[in-house]
Amino acid sequence: MMDSQTQPAAVRARGIVKSFGTGDTQVTVLRGIDLDIYLGEMLLLVGESGGGKTTLLSAIAGILDIDEGDINVLGVPLSGLPTGKRTTFRGQTMGFIYQQFNLLPALTAAENVAVPLLIQKIGRSDALERAQRMLDRVGLNDRAEFLPKNLSVGQQQRVAIARALVNEPRLLICDEPTAALDGPNGQKIMEILREVGRSPSRCVIVVTHDSRIFHFGDRMAHLTDGRIVSIEPIVREGTA
Ligand SMILES: Nc1ncnc2c1ncn2[C@@H]1O[C@H](COP(=O)(O)OP(=O)(O)OP(=O)(O)O)[C@@H](O)[C@H]1O
Ligand SMILES: [Mg+2]
């Protein structure tokens, strides 16, 4: 992991400022975020509820416009891209596990997982086949034809995870990916995410407050008062 830090960062965020609202109700959530994420690592991001973690992930994904600063992802300056190009770039390079899952209610589990592929004009039967394989990996092989409302919350979360992984993203962005999962399922999912982060051409950022999964990470960043106040390596048994 240390070697990877001699490489250029896969994500390089500098001076990110973001406010919501206007006048009396304006809140500045991000107050000058500097953060690098390197290829081959899993970075954990922690901080208090309402502190801006989801906001920061959305900015890194180019889903949310920022007020100030620069975000460079895999060599591409995000803020410089027009919206359409940014969406295409996101579809080709990123996977996003949303805190609220954002599954499409009228589509089956398999169709939901296939969406990122269909958007990239991959044929329907190919896309559904790959979606099925991803569902198998998250332990949902027998739920492919279910609508989200007929799945448990933990199963919905696993569908959302399969969807984020299906296009083999180089940057995987995870917002509380184990929040709805029991211990064993959480560990299983983290092992899959961990594998992505081990690849020398990919990286993972995970927002979490689940201490049961901290040991999967390589580094932990703390977001406090709108800034990254510390980043430290996570020492695991046998890797110190
Ligand atoms: N679209 C929006 N409009 C107005 N305020 C917003 C918007 N999105 C987020 N906020 C505010 O920004 C702050 C940070 O929200 P954010 O969702 O990033 O926090 P978080 O760290 O992810 O919290 P949690 O751990 O509870 O998920 C909150 O105070 C929230 O009210
Ligand atoms: Mg959040």
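1. A residue counts as partly exposed when its relative accessible area lies between the limit for buried, under 20%, and the limit for exposed, over 50%. In this predicted model, Gln99 falls into that class at 37% relative accessibility. Thr54, with a relative accessible area of 33%, is likewise partly exposed.

2. The magnesium ion (ligand 2) has as its protein donors OG1 of Thr54 and OE1 of Gln99, at 2.0 to 2.3 Å. Thr54 belongs to helix H1 (residues 53–60), whereas Gln99 sits in the loop between strand E6 (94–97) and helix H3 (109–119); the pair therefore ties together parts that are 45 residues apart in sequence.

3. Lys18, in strand E1 (residues 11–20), merits separate attention. The residue is buried but has no salt bridge, the nearest side chain of opposite charge being Asp67 at 4.2 Å. A salt bridge would require a distance within 4 Å. The Lys18 side chain does reach the backbone oxygen of Asp65, at 2.8 Å. Among the residues that Lys18 touches are Val27, Val29, Thr55, Leu64 and Ile66.

4. The largest nonpolar core has 40 residues, of which Leu135 and Leu193 touch the most other members. At least two residues each come from strand E3 (42–47), H3, helix H4 (124–137), helix H5 (153–165), strand E7 (171–175), helix H6 (183–198) and strand E8 (203–207). H5 provides the largest share, 6 residues.

5. Contacts of Leu135 include Ala109, Val113, Leu140, Asn141, Val159 and Ala162. Another core, of 32 residues, lies apart from the largest one; its members include Ala10, Ile37, Leu39 and Ala61.

How values were computed: Residues are numbered from 1 along each chain as its sequence is written. Chains are lettered from A and ligands numbered from 1 in the order in which they are written. This is a predicted model: local features need pLDDT of at least 70, side-chain atom pairs count only at pLDDT 80 or more; totals for chains, interfaces and linings use all residues. Side-chain values use heavy atoms; hydrogens and water are left out. Helices (H or I, at least four residues) and strands (E, at least two) are DSSP runs, numbered from the N terminus. Buried means under 20% relative accessible area, exposed over 50%, partly exposed in between (1.4 Å probe, protein chains only). Lys and Arg count as positive and Asp and Glu as negative; His and the chain ends are not counted. A polar contact is a pair of N or O atoms within 3.5 Å; within protein, one must be able to donate a hydrogen and the other to accept it, and residues adjacent in sequence count only if both atoms are side-chain atoms. Contact means heavy atoms within 4.5 Å. Donors are N, O and S atoms within 2.8 Å of the metal (3.2 Å for Na, K and Ca); water is not among the atoms, so sites may look incomplete. A nonpolar core is a set of buried Ala, Val, Leu, Ile, Met, Phe, Trp, Tyr and Cys residues joined through side-chain atoms within 4.5 Å. Lists of a residue's contacts leave out its neighbours within four places in sequence.
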